[in-house]
Amino acid sequence: MLLHDTALIFGRYARQTLRSKFAMLFGVLMPLLYLLFFGPLLTDLPLGSGSSSWQLLVPGLLLQLGLFGASFAGFSIIIEQGQGVVERMRVTPVSRLALLLGRVLRDAALFVFQAVLLVLAALAMGLRAPVAGILIGFAFVALLTVSLASLSYALAMRVHTPQEFGPAVNALTMPSMLLSGLMLPMTLAPGWLDVLSHFMPFRYLVDAVRDAYTGQYATTAMLYGVLVAVGFAALAVTVSTRVFRTAGA
């Protein structure tokens with residue numbers, strides 16, 4: 001029944017997404033602008049990593065796509081609460097976990113699609129990366145989306161209004177972006193900032209995807225990235241499911 005209910009909820013929100021093709025494409029605009037206007041600035045810089053500037057920048061942009069997109073996914077719950085959709089779902093026998101997973105899997109599919117568009121644009125601009133590394137990057141985007149979208153929905157169930165939700169998400173996403181090395185490796189930062197960034201879990205995902213884009217799969221960074229991504233996703237889904245159950249969503 002869980003699989004059936006999840007597929008039902010996924011189908012409902014997937015159809016909503018497909019009816020809004022402009023929103024599907026607009027979500028990739030900010031990373032694409034970084035790619036077009038920031039990427040060329042790195043071409044001749046001494047990055048000291050043995051990889052091209054595109055192999056450094058594109059993995060960060062992929063995870064930036066998941067970070068900002070999934071973190072604001074909870075806005076849809078707030079809108080549905082105002083329209084009475086959540087109230088109608090409360091009286092259905094659908095699993096509360098399915099109500100979460102259906103939404104989250106839709107978000108994961110959407111952002112992986114946008115990530116594909118971003119990588120295609122990067123390939124046209126000069127990115128060279130192994131196919132396996134590119135696929136691993138998509139997997140990390142999906143896991144990050146599952147984690148952050150789950151927490152975003154849980155937060156939205158608690159705060160109820162956009163005025164509370166927006167500032168709370170911004171307060172979390174901006175430090176995450178700055179300390180995870182999305183734009184440039186944190187090894188280029190001062191020592192104290194590099195140490196501080198190790199307390200940011202997203203850094204391990206960024207380092208893992210950058211290794212994958214250079215064809216290095218059996219590295220410590222890859223191991224840490226996989227462990228952090230899977231563990232974070234499991235924790236986020238567990239916490240969010242509990243919120244959905246206690247909130248009667």
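**Figure 1. A network of salt bridges links R12, E80 and R103 in this predicted model.** Within this network, E80 pairs with R103, and their closest N and O atoms lie 2.9 Å apart. The two partners belong to distant parts of the chain, since E80 sits in helix α5 (residues 75-83) while R103 sits in helix α7 (residues 96-125), 23 residues apart. Although both carry a salt bridge, E80 and R103 are both buried. A search of the whole structure finds five salt bridges, and the next view shows two others that share a residue, R203.

**Figure 2. R203 forms salt bridges with D194 and with D207.** The closest N and O atoms are 2.4 Å apart in the pair of D194 and R203, and 3.1 Å apart in the pair of R203 and D207. R203 and D207 are separated by about one helical turn, because they stand four residues apart in helix α11 (residues 201-213). An α-helix has 3.6 residues a turn, so residues three or four places apart point the same way. R203 counts as buried because its relative accessibility is 6%, and D194, with a relative accessible area of 18%, is buried as well. D207, by contrast, is partly exposed, because its relative accessible area is 22% and the cut-off for buried is under 20%.

**Figure 3. M186 lies in the loop between helices α9 (162-179) and α10 (191-197).** Despite its place in a loop, M186 counts as buried because its relative accessibility is 8%. Leaving aside neighbours within four places in sequence, M186 is in contact with L178, L179, S180, G181, L193, D194, S197 and R203, a list that includes both partners of the salt bridge between D194 and R203. M186 and S197 are eleven residues apart along the chain, and their C-alpha atoms are separated by 7.3 Å.

**Figure 4. The largest nonpolar core contains 67 residues.** The members that touch the most other members are V58, L62, L63, V119, F140, Y153 and Y213. Helix α8 (residues 131-159) gives the most to this core, contributing 13 residues. When neighbours within four places in sequence are left aside, L62 is in contact with A115, L118, V119, V141 and Y213.

**Figure 5. Helix α4 (residues 53-71) is mostly covered, with 18 of its 19 residues buried.** From its first C-alpha to its last, α4 reaches 27 Å, which is close to the 27 Å expected at 1.5 Å a residue.

**Figure 6. T145 is a residue of helix α8.** T145 counts as buried because its relative accessibility is 0%. Not counting residues up to four places away in sequence, T145 touches G66, A70, D107, A108, F111 and S150.

**Figure 7. Six residues, F22, F26, L29, L33, L36 and F37, form a nonpolar patch on the surface.** Together these residues have about 630 Å² of accessible area. The elements that give two or more residues to the patch are α2 (21-26) and α3 (29-37), and of these α3 gives the most, with four residues. One of the patch residues, L29, is found in helix α3 and is described as partly exposed because its relative accessible area is 34%.

Conventions. Residues are numbered from 1 along each chain as its sequence is written. This is a predicted model: local features need pLDDT of at least 70, side-chain atom pairs count only at pLDDT 80 or more; totals for chains, interfaces and linings use all residues. Side-chain values use heavy atoms; hydrogens and water are left out. A nonpolar core is a set of buried Ala, Val, Leu, Ile, Met, Phe, Trp, Tyr and Cys residues joined through side-chain atoms within 4.5 Å. Buried means under 20% relative accessible area, exposed over 50%, partly exposed in between (1.4 Å probe, protein chains only). Contact means heavy atoms within 4.5 Å. The expected span of a helix is 1.5 Å times one less than its number of residues. Patches are made of residues with over 30% relative accessible area and no salt bridge: like charges are joined within 9 Å, nonpolar side chains (Val, Leu, Ile, Met, Phe, Trp, Tyr) within 5 Å. Accessible areas come from the Shrake-Rupley method with a 1.4 Å probe; for residues, only the protein chains shown count as cover. A salt bridge is a side-chain nitrogen of Lys or Arg within 4 Å of a carboxyl oxygen of Asp or Glu.
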